[in-house]
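Hi,

Here is the structure I promised to send over. Have a look at it first, and my notes follow below.

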Amino acid sequence: MSVTQQQVLDGLAKVMSPRGVALTDSNVLSAIAVNDGKVFFSINVDAAEARAWESVRTQAEAAVRAIPGVTVAMIALTAERKAGSAAPPPPPHRHAQGVPNVSSHRPPQSPVSPMSKQSEIPGIAAVIAVASGKGGVGKSTTAINLALGLRDLGLRVGLLDADIYGPSVPRLTGIRDKPQLNDDRKMIPIQRFGLAIMSIGFLVEEDTAMIWRGPMVMSAITQMLRDVAWGTLDILVVDMPPGTGDAQLTLAQNVPLKGAVIISTPQDLSLIDARRGLAMFKKVNVPVLGIVENMSYFQCPHCGTRSDIFGHGGARHEAERLAVPFLGEIPLHMSIRVTSDSGTPVVESEPDGPHAAIYRAIGAKVRDQLQGVIAAA
């Protein structure tokens, strides 16, 4: 059944704002995107009123999900301080001696840590992030081959593509299917190569531009973590977008990550950004499982001559300097690129080849660090 924008508006008209006005008349809705049963939009309010609107967002999501034919509803609450809004109150008045006025005294308030909202995903023993400080270092290719390497070690593995703006997993896996819903209206991950896989790319067309603000990205990642029927997994590998922004913080604040794998090339420019990514995970108390040097060297398939196109050993030296494990070197090789572009990653398509062995060796180092978590699950 095809869902129309008017149906969505009709459903939202029954939801009241905190002031008792219909949501559709409150001048807070972004453009509503409806695509093959999937509905995306945001509610944009003043930051000072955000808390009062959170229940409205929940009601709006429920109203949209109740529309026949809706399979996915991603609704974010965007809170920005509008011009002319009241500024935060000034600090309490102090006497010349610097002692606060007694009447202004308030008991010290303990700030609520963002990490206090973390909760495990039922059925998943360990969630790990594969991240990089910058794009173009082969992070997604490494993430899926690492997942396949972990699979070959006998683990039950899932793969979540958390790169909302540039999802690569549909192309890397050759998946064109759309996720179905189970009886609890949770999305069922696509099964391919023995992995449970989910990506925003399964929900939108490949050439669709995701022009979303941060809260929409955060909402989408949260839903793909929480509203997917992952089943029982030893490890969920999360392919992160490049950088150190909303997506990374959302993941770290949503689930207790058991570790992060940092991907870098040997060149200094990539290593600078890798340091930022590593520093971010340390700041949010996520263990760094290690650094992988991707595109470590080029070996001519015809003569066997090795060339260090981007330099060599930079990631290993960085790992030693920062006292984190060095997980391995992955060469720049045509077969890795070709198999990735064709939707059959090299660990799957050439399981007995040298590159698959490298990814499995990296997977073994990751597994060994997570052994206690996996065994306890």
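How many helices and strands does the chain have? There are 11 helices and 13 strands, where helices (H or I, at least four residues) and strands (E, at least two) are DSSP runs numbered from the N terminus.

Before the details, please keep in mind that this is a predicted model, in which local features need pLDDT of at least 70, side-chain atom pairs count only at pLDDT 80 or more, and totals for chains, interfaces and linings use all residues. Residues are numbered from 1 along each chain as its sequence is written, and side-chain values use heavy atoms, with hydrogens and water left out.

Of the 377 residues in the chain, 48% are buried (under 20% relative accessible area, with exposed over 50% and partly exposed in between; 1.4 Å probe, protein chains only).

Strand S10 (residues 288-293) is a good place to start. Six of its six residues are buried. S10 runs parallel to strand S9 (residues 259-264), joined to it by five bridges, and also pairs in the parallel sense with strand S13 (residues 326-329) over three bridges; pairing requires at least two DSSP bridges between two strands. Val-292 in S10 stands opposite Ile-263 and also opposite Gly-328 in S13.

Asp-234 may interest you too. This residue lies in strand S8 (residues 233-239) and counts as buried because its relative accessibility is 8%. Leaving aside residues up to four places away in sequence, Asp-234 touches Ala-125, Ala-126, Leu-155, Arg-156 and Ile-374, a contact being heavy atoms within 4.5 Å.

Best wishes
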